Amino acid sequence: MASLGGDQIQAELLRKKLDIHVKGVVSAPVMSFTSCNLPDKLLHNIEAAGYEMPTPVQMQAIPAASMGKNMIVLADTGSGKSASFLIPIISRCVSHRLTYVSDKKKPLAMVLTPTRELSIQVEEHAKLLGKGLPFKTALVVGGDAMARQLYRIQQGVELIVGTPGRLVDLLTKHEIDLDDITTFVVDEVDCMLQRGFRDQVLQICTALSQPQVLMFSATMSDDLEKMANSLAKDTVVITVGEPNRPNKAVKQLAIWVESKQKKQKLFDILTSQKHFKPPIVIYVGSRLGADLLANAITVSTGIKSVSIHGEKSMTVRREIMQSFMVGEFPVIVATGVLGRGVDLLGVRQVIVFDMPNSIKEYVHQIGRASRMGEEGQAIVFVNDENRNVFAELVDVLKSGAAAIPRELMNSQYTTRFFSGGKGSKKRKHK
Ligand code: AMP
């Protein structure tokens, strides 16, 4: 068996850390958009969209798609799939238009989605990322006049986004030159199959001249594999996380602990084999608190931790998140305000060290422990200082079937809002 070179070993290690599995040969995952060789304007648009760093699916799918590979990408909805095909498409279209200057602009890429709504969403997303670039889009879905859609394509577009039914209709009734289409995306293939679009997808694909085919799905099945084989040869399969697993709710654990003892309690958790489940995000109430606590954790427990908050520059925050993602720091101490990228980092445990003033914020924070179908845990410290949210917190804990600390249950600030038994709960609203 051939041995792996140094670069390949590095790539494999990175994939392991990011829970990316690859069948076939593709280049290494990238940790930043700047290493993807993208036009400056596109990079600017990505930054303007608030994407600090690629999500795991983008890290692997963007370089693989840029290599021209046919691919099946298995990842959850919400994992950043659309950008992982739109970014290489836009980049390729821009360089094509710069290289081959011609009056007749034929479409260069096509994205099929199973629903009208999803097509609209993908087209919007494409427009956002392709803003200011030689990149026009046409939407081909039912419910809108076909003549207008046809006219738009004839005026010259780079990308067509649409649903299979309407596209077949358009293609059989009108002459559209699809010879230049080099990228063909089938989004949500599992859903496409469920809705019976198999034959239409194949029909559209045969109208194209052997484009690169990118297929995205949340689940893998025999039918999907069969369809993939009919659409493309030498297909690479990229799996991110375990997309077949159902999304499990966050398990909450509320612990009554006085403010003075919170730090020690936290250290106990972090040093306990049973409770320590990295990667962990710890939420605190202030920026200074975040810096001090991160430092205290490192000093007292030897666990490398780092703070992240709005006072740190975007570049520094990005670097911190990247290190967190590859496991250099198992713990991040953060204030509530964090970029959306963190939602996608695969956090397993959230510790709410300082209970926020609003229950909405609490729900948002603990939600970060359950991304991409992973089961997560949220530990929350609570004491009398948080009495303004007691009643609502009890509700949230109950709805998650979590145990309620005795002190919380018996507190006058909780019981004040309840009269009688469970069924006769009366909530006092401000
Ligand atoms: P999708 O899975 O494509 O539906 O994307 C889910 C959401 O994630 C959308 O709101 C995207 O705008 C957002 N998103 C995609 N990529 C990134 C990224 N790299 N950083 C932050 N958000 C992202």
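**View 1. Asp384 is partly exposed, with a relative accessible area of 37%.** Here, partly exposed lies between buried, under 20% relative accessible area, and exposed, over 50% (1.4 Å probe, protein chains only). Asp384 sits in the loop between strand 14 (377-382) and helix 15 (390-399). Helices (H or I, at least four residues) and strands (E, at least two) are DSSP runs, numbered from the N terminus. This is a predicted model, where local features need pLDDT of at least 70, side-chain atom pairs count only at pLDDT 80 or more, and totals for chains, interfaces and linings use all residues. Residues are numbered from 1 along each chain as its sequence is written, and side-chain values use heavy atoms, without hydrogens and water.

**View 2. Asp384 shares a negative surface patch with Glu258, Glu385 and Glu407.** Patch residues have over 30% relative accessible area and no salt bridge, and like charges are joined within 9 Å. A salt bridge would put a side-chain nitrogen of Lys or Arg within 4 Å of a carboxyl oxygen of Asp or Glu. Each charge is placed at CG of Asp or CD of Glu.

**View 3. Cys36 and Cys93 are both buried, at 11% and 3% relative accessibility.** The closest cysteine sulfur to that of Cys36 belongs to Cys93, 16 Å away, so the two are too far apart for a bond. A disulfide is a pair of cysteine sulfur atoms within 2.5 Å, and the count by this rule is zero.

**View 4. Stepping back, the protein chain has 17 helices and 14 strands.** Of its 430 residues, 53% count as buried. The C-alpha atoms fill a box of roughly 75 × 55 × 40 Å, taken along the principal axes.

Key
Patches are made of residues with over 30% relative accessible area and no salt bridge: like charges are joined within 9 Å, nonpolar side chains (Val, Leu, Ile, Met, Phe, Trp, Tyr) within 5 Å. Accessible areas come from the Shrake-Rupley method with a 1.4 Å probe; for residues, only the protein chains shown count as cover. Lys and Arg count as positive and Asp and Glu as negative; His and the chain ends are not counted.
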